[in-house]
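Reader: Hi, I'm new to reading protein structures, and I'd like to go through one with you slowly. Could you put it up, please?

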2 protein chains.
Amino acid sequence: MGEQSSKPYKPGQPLKVALLGCGTVGTEVVRLLVESHGDLAARIGAPLELAGIAIRRPGRHRDVPVDPDLFTTDAAGLVRRPDVDLVVEVIGGIEPARSLLLAAMDNGASVVTANKALLAADGATLFAAADRNGVDLYYEAAVGGAIPLIRPLRESLAGDRIRRVLGIVNGTTNYILDRMDTSGVSFEEALEEAQALGYAEPDPTADVEGFDAAAKAAILAGLAFHTRVTASDVHREGITQVSATDVASAKAMGCVVKLLAIAELTPDGKRVGVRVHPAMIPRTHPLASVREAYNAVFVESAAAGQLMFYGAGAGGAPTASAVLGDLVTVARNRVRGHRGSGESTYASVEVHPMGDTLTRYHISLDVVDRAGVLASVADVFARHEVSIQTVRQEGRGADAQLVVVTHQATDRALTATVEDLERLEVVRDVSSVMRVEGWGDD
Amino acid sequence: MGEQSSKPYKPGQPLKVALLGCGTVGTEVVRLLVESHGDLAARIGAPLELAGIAIRRPGRHRDVPVDPDLFTTDAAGLVRRPDVDLVVEVIGGIEPARSLLLAAMDNGASVVTANKALLAADGATLFAAADRNGVDLYYEAAVGGAIPLIRPLRESLAGDRIRRVLGIVNGTTNYILDRMDTSGVSFEEALEEAQALGYAEPDPTADVEGFDAAAKAAILAGLAFHTRVTASDVHREGITQVSATDVASAKAMGCVVKLLAIAELTPDGKRVGVRVHPAMIPRTHPLASVREAYNAVFVESAAAGQLMFYGAGAGGAPTASAVLGDLVTVARNRVRGHRGSGESTYASVEVHPMGDTLTRYHISLDVVDRAGVLASVADVFARHEVSIQTVRQEGRGADAQLVVVTHQATDRALTATVEDLERLEVVRDVSSVMRVEGWGDD
């Protein structure tokens, strides 16, 4: 691993920055570079100068406060320019972002990226290129928008052992679930409202099916446990199946439903489980107070105990704030002729299969109202060694419903239990199965 | 400013650590150094080795899992040993901590300290010694215990402009105020309970009078605004005057009373106001959900918007986690032969006098029940140009009470208003004056 950056800094010179992409985030990055020029120079020890801005189509960026000659549609040419010291990528997606970042690093530039999809899919290739070229690769904006996560997890907790990370890392789904909780509306109504307000895309799949959260979960898991996790290692369930009834059941239990990204070590510290799914959490849990489109990451570590980092998870200005923070660091490293801490994957813990994951479950069953129903149901749980914590019976006659909350059980045992429950003659329907997280005694 | 540490690292050698103090935090530091020896070596690139542990009196540390020969009562000799690379100070107080840290840095060692009182009183002398000797001085554990604050504020937000920092930075007072809020008990009862549980000292002055929070406020202000603030610059009010009635009034307004450490820039960005006092904040504010003895720091910045960092603000293990995080960083810097980012006080903004500070106020008045009282009271506010947002009248006859909430006003104008109210014949008593913070439109 090279310790020297390949492009030495010439004292007194400005550092030249190439910006790839000029959408919502890119425009804010330019604005901050212009507005905070003096402060940034003081913090870095050298001024930053825009070398060029790569855009897809010319003529659409009249409101960006820079010399129009800086715009170019030749991104590949821009990242290979010999005068470029630092490259900021806010295009998103796998290609051409990957090829451009690789070319930039091979050209000796340090890079800052907000590209969660690329890092979660193929971070290894990028980090290898950074090492090979002795340059920095920073990515604070990829998870949790403006929320500082990477330095706290990697550096502040470097003397501690993180056990579990629970995150609300997708603002769209948090907005939808918060609306369902506060107004009792259905998923569909809350989604429409989120779309009307611009919190959800016209095609909301990436958010509501948990793809966005899964990419971020992979990055968080790698950070927290010094290992490498890709999006395909992440067990993923979205929120489209969360019903108003689930939300009401959660409320009755003193809980709220959140889409959680969870990364946790097995008790022996040898394996890591990474998953994204809706879960009920107690209203007294710090994550329960994360409202609207805000994000937060809750960390449990051996010595520090419980920590939480909260803030805006998306948006042009918040994401640009995180990009600029990284840019100051890589620029300062360049001025001082050294590299930042880089990726750390010395631990190489294995990924834990979802079936082995331990959680509590909340299960709602529509049952026939007949003596002995509870005994039959309890017998199914017992057969799979899933221990019941509470059972609540609601309604009578044709509408009888059983609500079961279990102690911790493996996902495998629970899935087998639910399959057997569905076969049970007295059970009309298993209407909902949801995990419960964040109880004090887990 | 030197960029090279004065003691070059010899590859393959362990880094030698001197520990000053072996109380609650020191014992946990030793435990983590022993337990996480392998992980720490992987993260640093060299193993850490304890060179010695300075204690006041010998023979009292039988439960610390190290060679008893490491203990010494000669702290001054330990920090001057030529083989010591890194010094950790967890003694607290001004002397002998300051002399020992100065001697350690003059001896070429990088230092990690948890000493808020010393940093807030005389940080300038310490940072100057670090610069002169080309060594690192890290202090994450000094504010907010285990909560990562220094890297997020200094590095992650380095491309942004922080406008305001609102912190709950003292766990004892937060525990007391939380108990007053949840059980309606008096300050005295809550304090007794906190003492019984070990959350408050037998002499609680440093906590309940706000001295501890004021030291932390000075450090936070310096960090957030790249300037130097000392504890004596901080306006300080404790919580001993907070009554059960104040807490109930706050509740009636949808607020909760918290002891806040506030550092904020004036709108022109040229001055900084730093203050510690109890304040009412809306229950929807993220800081309102900080319960028991937890700490949190809420940050408002231009681009990132609202951020919050939450966690255990004190205790042996959490504080040791923060110390170890710093130790990994300064050790890694030592191995790589460079320094961390150091202090940054380029901005040198002036400290704003408390009289100029703008806030809202909640004022309770015992008044005679007579026609025209409200007019007389309103006239006093108007004379001082303090604009009233709401007035609520409670009780009748001899117990009539007026509760006034103002729009933003200067502290000077408010103080003058209260003095005139006290002189007013119809006012029996100004029973409580409390600031209100965290409203959306401030």
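Reader: Let me start with one residue: what does B:Tyr294 count as, buried, exposed or partly exposed?

Author: Before anything else, please keep in mind that this is a predicted model. In it, B:Tyr294 has a relative accessibility of 21%, and it therefore counts as partly exposed, since buried would require a value under 20%.

Reader: OK, and how many aromatic pairs does the structure hold?

Author: Over all chains, the structure holds 7 aromatic pairs. One of them is formed by A:Phe309 and B:Phe309, whose ring centres are 6.2 Å apart and whose planes make an angle of 75°, so this pair is edge-to-face; the word applies to planes over 60 degrees apart.

Reader: Where do A:Phe309 and B:Phe309 lie?

Author: A:Phe309 belongs to strand 12 of chain A and B:Phe309 to strand 12 of chain B, each strand covering residues 305–312, so the pair joins two chains. As for their surroundings, both A:Phe309 and B:Phe309 are buried.

Reader: And which kind of pair do the rings of B:Tyr294 and B:Tyr310 make?

Author: Their centres are 5.0 Å apart and their planes lie at 10°, so B:Tyr294 and B:Tyr310 form a stacked pair, a term used for planes under 30 degrees apart. This pair links distant parts of the chain, with B:Tyr294 in strand 11 (residues 294–301) of chain B and B:Tyr310 in strand 12 of chain B, 16 residues apart. Unlike the partly exposed B:Tyr294, B:Tyr310 counts as buried, at 6% relative accessibility.

Reader: Switching topic, what rotation superposes chain A on chain B?

Author: A rotation of 180°, with 0.0 Å of shift along its axis, superposes chain A on chain B with an RMSD of 0.0 Å. That is the relation of a two-fold axis.

Reader: Which residue of chain A comes closest to the rotation axis?

Author: That is A:Phe309, whose C-alpha lies 2.4 Å from the axis. It is the residue already mentioned as one half of the edge-to-face pair with B:Phe309. The copies also meet through the same surface, because 100% of the interface residues of chain A are interface residues in chain B as well.

Reader: Now the annotations: where does UniProt place the feature "active site"?

Author: An unreviewed UniProt entry places the feature "active site" at A:Lys216. In the model, A:Lys216 is in helix 10 (residues 211–225) of chain A, and it is buried, with a relative accessible area of 6%.

Reader: What does A:Lys216 touch, not counting residues up to four places away in sequence?

Author: Leaving out those sequence neighbours, A:Lys216 touches A:Lys116, A:Ala142, A:Val143 and A:Val169. A:Lys116 carries an annotation too, as the unreviewed UniProt entry places the feature "binding site" there. A:Lys116 is found in helix 5 (residues 116–133) of chain A and is partly exposed, with a relative accessible area of 27%. Among the residues that A:Lys116 touches are A:Asp212 and A:Ile219.

Reader: What sits over the ring of A:Phe211?

Author: The charged end of A:Arg236 sits over that ring, 3.8 Å from its centre. In chain B, B:Arg236 lies over the face of B:Phe211, at 3.8 Å from the ring centre. B:Arg236 is also touched by B:Ala214, a residue of helix 10 (residues 211–225) of chain B that is buried, with a relative accessible area of 5%.

Reader: Last one: which residues of helix 8 of chain B are buried?

Author: In helix 8 (residues 187–196) of chain B, the buried residues are B:Phe187, B:Ala190, B:Leu191 and B:Ala194. Seen down the axis of this helix, they fall within an arc of 100°, so they line one face of it. They pack against helix 7 (171–183) and helix 9 (205–208) of chain B.

Reader: And what does the face turned away from the buried side of helix 8 of chain B carry?

Author: That face carries the exposed residues B:Glu192 and B:Ala196. Beyond the end of the same helix comes B:Gly198, whose phi is positive, near 80°.

Note on methods
Residues numbered from 1 in each chain as written. Chains lettered and ligands numbered in written order. Predicted model: local features only at pLDDT ≥ 70, side-chain atom pairs only at ≥ 80, totals over all residues. Heavy atoms only, no water. Phe/Tyr/Trp six-rings, centres within 6.5 Å; stacked < 30°, edge-to-face > 60°. Helix = DSSP H or I, 4+ residues; strand = E, 2+ residues; numbered from the N terminus. Buried < 20%, exposed > 50% of the residue type's maximum accessible area, 1.4 Å probe, protein only. Lys NZ or Arg CZ within 6 Å of the ring centre and 35° of its normal. UniProt positions renumbered as here; feature names shortened; annotations may be inferred. Contact = heavy atoms within 4.5 Å. Least-squares fit on C-alpha atoms with pLDDT ≥ 70 in both. Arc of directions from axis to C-beta.
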